[in-house]
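Let's take a walk through this model together, one region at a time. Have the viewer open and follow along as we go.

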Amino acid sequence: MDHYAVIGHPIGHSKSPQIHTLFARQTGQEMVYEAVLAPEDDFPGTVRRLVDAGYRGFSVTVPFKHEAFELADTLTDRARRAGAVNTLTVTADGLDGDNTDGLGLVADLKRQPTPLAGSRILLLGAGGAVRGVLAPLLAEGPARLHIANRTAAKAQDLARDFADLGPVSGSGLEALAGESHDLIINGTAAGLSDETPPLPAGLLAPGAGCYDMMYGDTPTAFVRWGDAQGAAWTRDGLGMLVEQAAEAFAIWRGQRPQTDPVMEALRPRS
Ligand code: ATR
């Protein structure tokens with residue numbers, strides 16, 4: 001039986017074991033997938049022990065995605081561009097590092113009513129989570145992708161790093177007043193304390209949607225903000241989680257599972 005794990009700190013609330021178990025059942029694959037808590041100061045040692053025990057691959061979550069990037073022996077282009085790894089695969093030569101987060105976000109956004117091509121997109125935050133999704137979002141051909149962050153310089157630096165890929169700009173949050181967007185994506189960590197970044201009212205164009213890269217069993221702070229602002233649609237990041245997992249599963253098992261039934265099974269009933 002092949003073994004896989006998601007590694008994080010904390011890890012108790014991870015939905016990844018449930019997601020991969022549903023994928024395995026759906027595709028008839030013989031595998032076990034579990035959650036592993038790594039000490040904050042010993043991600044490499046944890047990976048080494050699991051590799052020695054015969055594990056075949058790992059999902060990597062907060063706060064270890066940068067360490068996984070450093071640990072990988074080879075990197076895909078998208079992982080290199082993201083500066084982070086969320087999927088490690090054990091091979092005969094070592095550890096292959098990939099990043100499926102951006103693809104996961106784009107796949108779930110394509111399920112929503114707002115098309116990405118030609119849209120004015122506002123991306124909130126300028127940390128690792130946002131860096132990881134910039135290239136796949138720009139590849140969809142938005143009219144404009146604006147990064148706004150509490151610390152303006154970090155948004156401007158990110159925009160500079162990705163300027164070769166499309167029309168991307170950066171600013172602080174206060175500079176947003178008077179702007180209008182078709183899609184606002186929250187990639188800040190503010191939701192961890194049930195907050196939203198301080199945003200001016202009136203940012204949403206008619207028909208605009210709000211997408212939170214975080215998810216929760218109850219509506220996230222940013223989803224509630226979008227609803228209060230009159231967004232045409234709001235969505236949390238559960239779909240992104242399931243889509244990035246499907247891509248990891250495909251890398252490991254050579255078979256891409258269907259995501260809709262898994263999303264259906266995970267979505268809390270209201
Ligand atoms: P991650 O890897 O999850 O992106 P990170 O690199 O620590 O984590 O980045 C967290 C992001 O959330 C940053 O953009 C941070 O803003 P700063 O760069 O100004 O620190 C943003 N953030 C965190 N808490 C926030 C809050 N309460 N309001 C607004 N932005 C917040």
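A good place to begin is the loop that runs between strand S10 (181-186) and strand S11 (204-212), since Asp-194 lies there. Keep in mind that this is a predicted model. Although Asp-194 is not a glycine, its phi is positive, at about 55 degrees.

Two other loops deserve a look for their backbone geometry. One of them connects strand S1 (2-8) with helix H1, and it is the place of Pro-10. The peptide bond that joins His-9 to Pro-10 is cis, with omega about 0 degrees. The other loop sits between strand S3 (57-60) and helix H3, and here you will find Pro-63. Val-62 and Pro-63 are again joined by a cis peptide bond, this one with omega about 5 degrees.

Now zoom out to the domains. The domain assignment splits the chain into domain 1 (2-99) and domain 2 (103-239). Taken over C-alpha atoms, their centres are 27 Å apart. How many residues of each domain are in contact with the other? Domain 1 contributes eight and domain 2 contributes four. On the domain 1 side, helix H3 (65-71) and helix H4 (77-82) are the elements that give two or more residues. H4 supplies the largest share of that side, with three residues. In character, the domain 1 side holds two nonpolar, three polar and three charged residues.

Next comes helix packing. Two packed helices are described by the angle between their axes and the distance between the axes. Three pairs are worth visiting in turn.

Start with helix H1 (residues 16-27) and helix H9 (residues 238-253), whose axes come within 10 Å and cross at roughly 55 degrees. Because of that angle, H1 counts as oblique to H9. The crossing of this pair is right-handed. From H1, the contact is made by Ser-16, Ile-19, His-20, Phe-23 and Thr-27, while H9 brings Val-242, Ala-245, Ala-246, Phe-249 and Arg-253. Sorted by class, the contact of H1 with H9 comprises six nonpolar residues, three polar ones and one charged residue.

H9 also packs with H5, at an angle of about 125 degrees and with the axes 7 Å apart. What does this angle make of the pair? H5 is oblique to H9, and their crossing is right-handed. On the H5 side you can pick out Asp-101, Leu-103, Gly-104, Leu-105, Ala-107 and Asp-108, which meet Gly-239, Met-240, Leu-241, Glu-243, Gln-244 and Glu-247 of H9. This contact of H5 with H9 has five nonpolar, three polar and four charged residues.

The third pair brings in H6. The axes of helix H5 (residues 101-109) and H6 come within 7 Å, crossing at roughly 50 degrees. That angle makes H5 oblique to H6. The handedness of the crossing between H5 and H6 is right-handed. Here Asp-101, Gly-102, Leu-103, Leu-105 and Val-106 of H5 meet Gly-132, Val-133, Ala-135, Pro-136 and Leu-137 of H6. Seven nonpolar, two polar and one charged residues make up the contact of H5 with H6. If you compare the two lists for H5, you will find Asp-101 named in its contact with H9 and also in its contact with H6.

Staying with H6 takes us to the ligand. Which helix gives the largest share of the shell around the ligand? It is helix H6 (residues 128-138), with three residues. In total, 15 residues surround the ligand, and the closest are Gly-127, Gly-128, Ala-129, Arg-150 and Thr-151. The shell around the ligand divides into six nonpolar, six polar and three charged residues.

To retrace the route, H5 packs obliquely against H9 and also lies oblique to H6. H6, in turn, provides the largest share of the shell around the ligand.

Technical notes
Residues are numbered from 1 along each chain as its sequence is written. This is a predicted model: local features need pLDDT of at least 70, side-chain atom pairs count only at pLDDT 80 or more; totals for chains, interfaces and linings use all residues. A residue is near a molecule or strand if its C-beta atom, placed from the backbone, lies within 6 Å of it. Helices (H or I, at least four residues) and strands (E, at least two) are DSSP runs, numbered from the N terminus. Ala, Val, Leu, Ile, Met, Phe, Trp, Tyr, Cys and Pro count as nonpolar, Asp, Glu, Lys and Arg as charged, and the others, Gly among them, as polar. Axes are lines fitted to C-alpha atoms, for helices over the stretch in contact, and angles run from 0 to 180 degrees between N-to-C directions. Angles under 35 degrees count as roughly parallel, over 145 as roughly antiparallel, 65 to 115 as roughly perpendicular and the rest as oblique. A crossing is left-handed if the near helix is turned anticlockwise from the far one by less than a right angle, and right-handed if clockwise. Two residues are in contact if their C-beta atoms, placed from the backbone, lie within 7 Å. Domain bounds come from an automatic or database domain assignment.
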